[in-house]
Amino acid sequence: MPLDVIVTRPPRARDTPPIILVHGAWHGAWCWTEHFTGFLADEGYTSYAIDLRGHGNSPGRLRSTRIPHYVADVRRVAVEIEGEPVLIGHSMGGYVVQHYLATHRARAGVLMATVPSHGAILATLRVAWNHPRAFARANATWSLGPIVDDPKRAARLLFGPKLPSEEADRFTSRVQDESYLAFLEMILDRPDPQKVRDPMLVLGAADDALFSRREIERTAADYRTAAMIFDDMGHDMMLDVGWERPAQTIVNWIDSLT
């Protein structure tokens, strides 16, 4: 199965590790190309933004897709590029990165507003409580699409209050369906942080409607580090107002490893 991967190279070569960008549920590689890939290139990094199977321009049937399939997608890219990559995963992509690093080595991992290491049960309860009709339709159809099929609901879940409405509308118009089986695995199939040997950076957003500060801090502790929480940001840290702050933090951290 071919995967669509957007490769962005720096204008001037530096001795830096390649970066693989793994999007979260409902998203695609497009969420990284808005800001992050250009920023990374300006800092001397080559990035590989993946459309996981069934997302964006990559083929695949979400109905039968599971988290191990997404891990396999990341592995396919990792073995084809030169150099040991840094993996950056957002939300569900962070959960994929956690599972990947439990079985494969990388230069490092970065988790942004990630599904916690202890699973997505609390986020599930939040969505069920705050959006009961959408949650009921998702369960009835075995599809996560109904959670974000209303632009205003999607914006409340994904962004902080400072993002201009026209920007939020543009981004929410691009969200898509997501695998229900992957959702179940984000509750039941937890990664094992004790198996991860590579350095980890854990970032969270203070205004995240899905994952709380405490959950992100607990995840960081599981990976033997401390979380960095960014104020005035929502779940989509790579798209929200102030995206430069986590982006610069990531670059500074990777630079400190090399």
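Contact here means heavy atoms within 4.5 Å. I am working from a predicted model.

**Core**

I began with the largest nonpolar core, which has 88 residues. I20 and M112 have the most contacts inside this core. I then asked which helix gives the most to the core. That is α4, residues 92–103, with seven residues.

I looked up the partners of M112, leaving aside neighbours within four places in sequence. M112 is in contact with W32 and F36, with the run I88, G89, H90 and S91, and with L203. The list also holds M237, M238, P246 and I250.

**Helix α8**

Next I took α8, residues 165–172, and noted its buried residues as A168, F171 and T172. Do they line one face of the helix, or where else do they fall? Seen down the axis of α8, the buried residues fall within an arc of 95°, so they line one face. I also checked what covers these buried residues, and found α1 (30–33) and α7 (151–158) among the covering elements.

**Cavity**

I searched the whole structure for cavities of 30 Å³ or more and found one. The largest cavity holds about 260 Å³ of space. I counted 20 lining residues, of which W26, A123, L144, F183 and L210 are the closest to the centre. Three helices, α5 (121–130), α6 (132–141) and α9 (180–188), are the elements that give two or more residues to this lining. I sorted the cavity lining by class and got 16 nonpolar residues, four polar and no charged ones.

**Pocket**

I turned to the largest pocket and noted a volume of about 170 Å³. Which residues line this pocket? From the earlier part of the chain as numbered, I wrote down R9, P10, A13, R14, T16, P17 and P18. G44, Y45, T46, Y48 and E82 also line the pocket. By class, I have six nonpolar, three polar and three charged residues in the pocket lining.

**D189**

My last entry is on D189, which lies in the loop between α9 and β6 (200–205). Is D189 buried or partly exposed? The relative accessibility is 32%, so D189 counts as partly exposed, since buried means under 20% and exposed over 50%. Not counting residues up to four places away in sequence, D189 touches Y95 and H99. I also took the separation from I6, which is 183 residues from D189 along the chain. The C-alpha atoms of D189 and I6 are separated by 29 Å.

Conventions. Residues are numbered from 1 along each chain as its sequence is written. This is a predicted model: local features need pLDDT of at least 70, side-chain atom pairs count only at pLDDT 80 or more; totals for chains, interfaces and linings use all residues. Side-chain values use heavy atoms; hydrogens and water are left out. A nonpolar core is a set of buried Ala, Val, Leu, Ile, Met, Phe, Trp, Tyr and Cys residues joined through side-chain atoms within 4.5 Å. Buried means under 20% relative accessible area, exposed over 50%, partly exposed in between (1.4 Å probe, protein chains only). Helices (H or I, at least four residues) and strands (E, at least two) are DSSP runs, numbered from the N terminus. The arc is that of the directions from the helix axis to the C-beta atoms. On a 1 Å grid over the protein atoms alone, a cavity is a set of points where a 1.4 Å probe fits but cannot get out, and a pocket is an open set with protein on both sides within 12 Å along at least five of seven lines; lining residues have an atom within 4 Å of a point. Grid points are joined across faces, edges and corners, and a volume is the space filled by probe spheres set on the points. Ala, Val, Leu, Ile, Met, Phe, Trp, Tyr, Cys and Pro count as nonpolar, Asp, Glu, Lys and Arg as charged, and the others, Gly among them, as polar.
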